Amino acid sequence: MLKVLHKLKFPEEKEKKLDVFVSYTTDPQYHGSFSQRFHSLLGVPLNFAWRNAKDLEQNKDLVFKRNFPWDHPSAEAIKQAMVLDDEEKEFVIARQLGYLDTKNVWGRLIQRCICITLGFAMGHTLNYRFGHYKETSRFRRPNVKIGTMFGLSAIAWYFVAKWVDDSYTCYLDSCADKYAATIDRDMAAAGQRYYDKIIRSNIAMREILPGAERKFTVYGNEQQGMIRTKSIPLVARRDYMRDMS
C-alpha cells in the first residue's frame, strides 16, 4: 500500500481520509470518495495475503466451498488468479484508489435526484395534459388515473436511471484503469497480467461449475443484459492495459 501511495505521490490530506480493511471475498472493494469530508474505504481481498500455492492450500476453504473440484484440469487457472504477484496487487490497489479519487458519490447522488425529479415532473405533466386533475370522484376516492400516470412515469424513469447508472459505472471503470495505467509502464503491464488471470479464471469457472455460463461468457467477461452494460468488459480492460504498456 505504501509503495503505491509513494508512486502516486499521494497528497497527505487524501491519505488521512483513507481507511483500509480486509474483504473476505476475492473482489476488491471501494466505498466513498476523497471529495467527501468523511473517510473513504478500500477493501483489500483476503487472497492478497497469499504469496504461494502453500498459502492457497491452507486458506482456500475461507473463499471456496470445501467440495470445490480442485482436481479439475482447468482449476489451475483459478489458482493462478488467487495468488497474485506484488506488482499485480499494486495495480489493483492503484485502480481502487482511482475509483476513490473521483466524485463518484456526488455523481450518483445527483443523477438519481435528477431522475426522481424528472419522473415526478413527467407524471405531473401527463396528468395535467390529460385533465386528470379536474376529474373528481363521487365518493372522494383517489383518482386511479392520476396514480397510474405517476406509476408509469416512475417505471419509465427507473429504467432510464438504471441506464444512466450503468453508463456512469463504465465511465468510472475507464477512469480507474487510466489512473493506474498512467503511473508507469510496469504498472500497466501488471494490469494486463491481472486481467489475463481473471479472464482465464472466469473461463475455467464456466467449465467447472454448473450454471456458471449464466455469469461468465465464453471470453471470460461477466455476462451483461441484452440492453444493459453494467461495466466495461474485462477483455477490453485487458487490451487497454496492453496498449498502455
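**Exercise 1. Helix 5 and helix 7**

Task: Determine whether the crossing of helix 5 and helix 7 is right-handed or left-handed, and state which residues meet there.

Solution:
1. The model is predicted, so local features need pLDDT of at least 70 and side-chain atom pairs pLDDT 80 or more, while totals for chains, interfaces and linings use all residues. Residues are numbered from 1 along each chain as its sequence is written, and side-chain values use heavy atoms, without hydrogens or water.
2. Take the helices (DSSP runs of H or I, at least four residues, numbered from the N terminus): helix 5 spans 86-100 and helix 7 spans 144-181.
3. The two axes (lines fitted to C-alpha atoms over the stretch in contact, with angles from 0 to 180 degrees between N-to-C directions) come within 7 Å and cross at roughly 130°.
4. Helix 5 and helix 7 are therefore oblique to each other (not under 35 degrees, roughly parallel; not over 145, roughly antiparallel; not 65 to 115, roughly perpendicular).
5. The crossing of helix 5 and helix 7 is right-handed (near helix turned clockwise from the far one by less than a right angle; anticlockwise is left-handed).
6. In contact (heavy atoms within 4.5 Å) are F91, A94, R95, L97, G98 and Y99 of helix 5 with L172, D173, A176, D177, Y179 and A180 of helix 7.
7. These contact residues divide into 8 nonpolar, 1 polar and 3 charged (nonpolar: Ala, Val, Leu, Ile, Met, Phe, Trp, Tyr, Cys, Pro; charged: Asp, Glu, Lys, Arg; polar: the others, Gly among them).

**Exercise 2. Two packings of helix 8**

Task: Describe how helix 8 packs with helix 5 and with helix 4.

Solution:
1. The axes of helix 5 and helix 8 come within 8 Å and cross at roughly 95°.
2. That makes helix 5 roughly perpendicular to helix 8.
3. Helix 5 makes this contact through E87, E88, E90, F91, V92, A94 and R95, and helix 8 through M187, A190, G191, R193, Y194, Y195 and K197.
4. By class, the contact of helix 5 with helix 8 has 7 nonpolar, 1 polar and 6 charged residues.
5. Helix 4 and helix 8 have axes 8 Å apart at an angle of about 145°, and their crossing is left-handed.
6. On helix 4 the contact residues are A75, A77, I78, Q80 and A81, and on helix 8 they are K197, I198, R200, S201, A204, M205 and I208.
7. The contact of helix 4 with helix 8 has 8 nonpolar, 2 polar and 2 charged residues.

**Exercise 3. The largest pocket**

Task: Give the volume of the largest pocket and break down its lining.

Solution:
1. The largest pocket (an open set of points on a 1 Å grid where a 1.4 Å probe fits, with protein on both sides within 12 Å along at least five of seven lines) has a volume (space filled by probe spheres set on the points) of about 1,300 Å³.
2. Its lining (an atom within 4 Å of a point) has 44 residues, with T26, D27, K215, F216 and E222 nearest the centre.
3. Helices 4, 5, 7, 8 and 9 each supply at least two lining residues, and helix 8 gives the most, 6.
4. The lining of the largest pocket has 24 nonpolar, 11 polar and 9 charged residues.
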